[in-house]
Amino acid sequence: MDDYKLISCGTDGAVYEWNLQNGKRESECVLKSCSYSGVAISSDGKIIFAVGSDHTIKEICDSSILREVPTFDVAYTCIVISHSGRMVFTGTSSGAIRSMKYPLPLHKEFNEYPAHHGPVTKMSVTFDDQFLLTSAEDGCLIIWKIYDKEGRGLKRERDVPYSDEVLITRTDMEEKTQIMLELKTRVEELKMENEYQLRLKDMNYNEKIKELTEKFIQEMESLKTKNQVLKTEKEKQEIQHQDQLAELMEKQSREVQDLESGNNQKLLLEYEKYQELQMKSQRMQEEYEKQLHEMEENKSQALEELTEYYEAKLIEKTTLLEEAQDDARQQLREFEETKKQIEEDEDREIQDIKIKYERRLREERESNLRLKGETGIMRKKFNSLQKEIEERSSDIEALKAEQQKLQGVIKALEKDILGLKREIQERDETIQDKEKRIYDLKKKNQELEKFKFVLDYKIKELKKQIEPRENDIKAMKEQIQEMEGELECFHKQNTQLELNIAELRLKLRATDREMHKEMQKERDMEALIKRFKTDLHNCVGLIQEPKKLKESIRDIYEKYVQKADMVEIVGVDTDLHQEYTRQREHLEHNLATLKKKVIKESEIHRADYVRIMQENVSLIKEINELRRELKVTRTQVHELQSTLGLLNKRKLPGQSAAPSPDRHHSPGILRLNPEEEMERIIEMQRIEITFLRDQVQGQEKSLVLRSIPDGKLPVLETDRRSGVQSQ
């Protein structure tokens, strides 16, 4: 046994196995139908034996019951196992004691010895397996001698080794003070390194902010240039339309004036036809003006939508800049807080180490003073006893001279006195040993309480360090979800923008075609009017010859009126055919654009899925690394606890009742190396610094990802609605 385990049981039906190094429960076995009264553990520490009210002996291993052995209608109150592991002794409720071999027999293969008049309360075997001590409710304590069947005493397989006392010298204390000074210098170096890293990070952040501001300024300038180009194009188109209108109006006014001046007197008969033609021309003008107004309104609406769209983009860019600046400020604040916490933790640990070593020095000085006082008291007692012996010897010599007859009686009395003195000395020695043990146990309890307080404080600090990392993991997961939502919104906006642009392009093409058609119609009309003018001019030359004038007028009528109707019919058919072809081309173009968009969106979605999967893999790696760090910290805490517990045992005097064999074989493990502990703390701080750097890089990547992919801009809600309606 290594004295690192404790087994406990209770009337609630529970058997617990405790670890004395860290104070934690390692295993448990609960059976509510049984109230346990006694428990024992095997020499190898693997099997637990428990007895209770259900009249069975239970063998428990790894929190499960392996076997139950009946007690044959008698309740066992306690159980004990020999150190060799060969014999098992049990106490019953009737006061009898049973001995049986291990492994436990299922039949009645045991020896029963009646001893007490009440239930047995406690049993114990000495360390050499030679004696058994039993006590019961009748108030008796019985010591049994253990023999085997042949009448020989049990022999142990191994002897108990003795531990060596270890004292601390001044050189060790000086080494520890030097180590403290070295640690202080290391702490100062760490502070300088942290300040240098902070400065480097500030420089990097300033450079990144400058780059972002330059990018946004360039984008603003490009948008301004686009707006200026659109405005110039709009002004050019307006000037062209105004020039065309002015030219048409001038041409029409000139032609009307020429016709009125030349044909007022000659064309009275054809005045009505002229009025009809004039009405047609006016209608054409009104229709053309209406079309021009509609075109201007459409252009104005398109310009307003573009201006609103780019203003919204400017607002979004400014908000993104502000968010990036806020994130950078928050990261700087978090880093400063972590730095302050690390510095405070290091100062606290240094102060705790100082207080610890000062307390140890005081305790050792007090112990030395107490030992000196005890040695003085023992010397006084020894002198007083010598004086008493000398007085009694003088009395005896006087009595010898006076009473020679009673020499035999006096000799017998002297022998009795010597025996009593020996018993007194032995009892005094036992009392002193017990007092020393009590004092040592009190010291052990005090030191254990101190170490328990220190370990609890370290455990709390480690928990505090773990909680913000878990919160950071949750925040990063939420950020990833938000980024995915934003990516989906951006893709939808890009698709809607592309659809709107395609529709606007198609509309522009259709309007251009209609403009060309109208221009051609106007040219045809101008050619017809010129021909009509020439024919009329020829007719005017035949005013004096009425017959020729009639024939010429008939020819003009047949030439222009009938052919004009035919031309209009043919023009209507050609217009229908052209409208059909135009709509067909428009639909085919829409289908082609939609197919291209579907292909692009599928490729974009694949790339997004691949990127999201990579981000998830990286996050899973970070979570695994954090778990590994947690395991490492827990193992370090466990090692610190074990080393502190071993230090306790190392400092205590080597007069314990049952020393463990491991101490004799590994005395070098008992010392705590403060250099290794501080190196571990420094490594933990470096790991935290790298973790913070990774967080900063991840947030920078998230800022880059938040920027618009492929340089495309999001669409307004009005543009979305119009795109959906057009689809």
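This report walks through the strands, the core, the ring contacts and the cysteines of the structure above. Keep in mind that the model is a predicted one.

## The four-stranded sheet

Let's start with an open sheet of four strands, which run in the order E4-E5-E6-E7 with antiparallel pairing. E4 and E7 (64-70) sit at the edges, each pairing on one side only. On average, and ignoring direction, neighbouring strands of this sheet are turned by 25° against each other.

Walk across the sheet and you meet the pairings one at a time. E4 covers residues 36-41 and pairs with E5 in the antiparallel sense over five bridges. Within that pairing, Ala40 has Phe49 of E5 as its bridge partner. Six residues separate the two strands of this hairpin, and Gly45 there takes a positive phi near 75°.

Next comes E6 (residues 56-61), which pairs with E5 through four bridges, again antiparallel. Here Ile60 in E6 stands opposite Ile48. This hairpin has three residues between its strands, and His55 in the turn has a positive phi of about 60°. Finally, E6 and E7 are joined over six bridges in the antiparallel sense; one thing to look for is Lys58, whose bridge partner in E7 is Glu68.

## A well-covered strand

E5 deserves a second look. How many of its residues are buried? Five of five, so to speak a full house: E5 is mostly covered.

You can see this on either face of the strand. On one side there are Ile48, Ala50 and Gly52, on the other Phe49 and Val51, and all of them are buried. Phe49 has a relative accessible area of just 1%.

## The nonpolar core

The largest nonpolar core is made up of 12 residues. From the strands you have just met come Ala40, Phe49, Val51, Ile57 and Val69, and the list also has Ile47, Tyr76, Ile79, Ile81, Val88, Met100 and Leu104.

Which strands supply at least two residues each? They are E5 and E8, the latter being residues 76-81. E8 gives the largest share of this core, with three residues.

## Rings that meet

The structure holds four aromatic pairs. In one of them, Phe49 and Tyr102 meet edge-to-face, 5.4 Å centre to centre and with 90° between the planes. Phe49 belongs to strand E5 (residues 48-52), while Tyr102 is in the loop between strand E10 (96-101) and strand E11 (111-114), so this pair ties together parts that are 53 residues apart in sequence. The two partners contrast in how covered they are: Phe49 is buried at 1% relative accessible area, whereas Tyr102 is partly exposed at 29%.

Another pair is Tyr113 with Trp144, where the ring centres are 6.1 Å apart and the planes are at 50°, so the pair counts as tilted. Tyr113 is in strand E11 and Trp144 is in strand E14 (residues 141-145), so parts that are 31 residues apart in sequence are tied together. Both rings are partly exposed: Tyr113 has a relative accessible area of 38%, and Trp144 has 23%.

## Charges over rings

Two other contacts put a charged side chain over a ring. Arg25 lies over the face of Tyr16, 4.5 Å from the ring centre. Lys145 does something similar with Phe131: its charged end sits over the ring, 4.6 Å from the centre.

## Another hairpin

Back at the start of the chain, strand E1 (residues 5-9) pairs with strand E2 (residues 14-19) in the antiparallel sense over five bridges. Leu6 has Trp18 in E2 as its bridge partner. This hairpin has four residues between the strands, and Gly13 takes a positive phi near 85°.

## Cysteines without bonds

How many disulfides turn up in a search of the whole structure? Zero. Why is Cys34 not bonded to Cys9? The closest cysteine sulfur to that of Cys34 is in Cys9, but at 9.3 Å it is too far for a bond; a disulfide would need the two sulfur atoms within 2.5 Å.

Cys34 is buried, with 1% relative accessibility. Cys61 counts as buried too, at 18%, because the cut-off for buried is under 20%.

Technical notes
Residues numbered from 1 in each chain as written. Predicted model: local features only at pLDDT ≥ 70, side-chain atom pairs only at ≥ 80, totals over all residues. Heavy atoms only, no water. Phe/Tyr/Trp six-rings, centres within 6.5 Å; stacked < 30°, edge-to-face > 60°. Buried < 20%, exposed > 50% of the residue type's maximum accessible area, 1.4 Å probe, protein only. Lys NZ or Arg CZ within 6 Å of the ring centre and 35° of its normal. Pairing = 2+ DSSP bridges. Axes fitted to C-alpha atoms, helices over the stretch in contact; angles between N-to-C directions. Core = buried A, V, L, I, M, F, W, Y, C linked by side-chain atoms within 4.5 Å.
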